[in-house]
Amino acid sequence: MISEVLNMNGYGVYVFSSFVFTLVSFGVLYSVIKIQLNKELKVFETKFNNLEIEKAEIAKKQKTYREILAITSASKI
Amino acid sequence: MLNYFNPGNTIKIISKLQKFIFALFIAVLILGLAEALVLSPEDYKQSDSVRIMYVHVPAAWISLGIFTVISILSFGILIFKNKNFSLITKSLAPSGFVFNIIALVTGSIWGKPTWGTWWAWDARITSMLLLAIFYLMFMMSWKIVDQENKAIKLSSYIAIFGLINVPIIKFSVDWWSTLHQPSSVNVLKETTIHTSMLVPLGIMTAAFALFSLLIFLMKYNTELLKIKNKGLDRL
């Protein structure tokens, strides 16, 4: 039964290689984008934690910065 | 609608919805894979090789759809000088390009048992290859050009010029004698594909669309963070 499913009337190698290529491409793209996102979040955390208190206060008054701070562990808010 | 893509809202949406979209994508993908690999019937002519259709066709549809959206938004960039549009187009391109490559590679794999060759300079295949080149040029324009405004203009012109290729891809099978069969799934005409194959095709298309949405949101968030990181330097 399992060998029949894998063999697919002789087309198994074509079918499964297509599906594996697709899923591997998804995995690679997701990983690359995730790494880029995490890198930018790290840069933000580092920069925000090195801000002077007054500048950090200005930043946290802005909505976008508040949203970013909500998803990072930057400590000045 | 566009208010959803103002910077503050997007970060909030992404952080809340990312896990939900990912979980939904996995669930729909598992269902789609079960339908495509096990439950759907084999074709009377192509036998089990027809199952490649369930990754090849959705990938081609979505890469084409994403490029069309990029091109339309590029008109908006040039006419309305809307920088948010350029962020959206930049964030859409990677998933569109990867889907384009998937369509080309799986098409090539499908071609071997069906046509007896990995590659042919068929009108549909060649125009899809051209689409991949347009995607590459679009993404490279952001890497090569240092000045942001020039990069936005150049990438917009590339996308608009590439739009000419979209109807060529769509109608290539009708205009020329190609190895590809005419389209089986139609909006205006009768769909000639059986429901037992249309359902898995629809589920896999939904899974691929969810994945491209997830990648788009993550990439958009990344681009936004890059801008905000530069902004922190200017405070």
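**Contacts between chains A and B and the nonpolar core**

In this predicted model, 35 residues of chain A are in contact with 37 residues of chain B, two residues being in contact if their C-beta atoms, placed from the backbone, lie within 7 Å. Local features need pLDDT of at least 70 and side-chain atom pairs count only at pLDDT 80 or more, while totals for chains, interfaces and linings use all residues. Residues are numbered from 1 along each chain as its sequence is written, and chains are lettered from A in the order in which they are written.

On the side of chain A that touches chain B, two or more residues come from each of helix 2, helix 3 (53-61) and helix 4 (63-71) of chain A. Helix 2 of chain A supplies the largest share, 21 residues. By type, this side holds 22 nonpolar, seven polar and six charged residues; Ala, Val, Leu, Ile, Met, Phe, Trp, Tyr, Cys and Pro count as nonpolar, Asp, Glu, Lys and Arg as charged, and the others, Gly among them, as polar.

Chain A itself has four helices and zero strands, where helices (H or I, at least four residues) and strands (E, at least two) are DSSP runs, numbered from the N terminus. Of its 77 residues, 26% count as buried, that is, with 20 or more other C-beta atoms within 10 Å of their own C-beta atom, placed from the backbone.

The largest nonpolar core (buried Ala, Val, Leu, Ile, Met, Phe, Trp, Tyr and Cys residues joined through C-beta atoms within 7 Å) has 65 residues. Among the elements that give two or more residues to this core are helix 2 (12-49) of chain A and helix 7 (195-234) of chain B. Helix 7 of chain B gives the most, 15 residues. B:Ala59 and B:Met204 have the most contacts inside the core.

Notes. A residue is buried if 20 or more other C-beta atoms lie within 10 Å of its own, exposed if 12 or fewer, and partly exposed in between; C-beta atoms are placed from the backbone.
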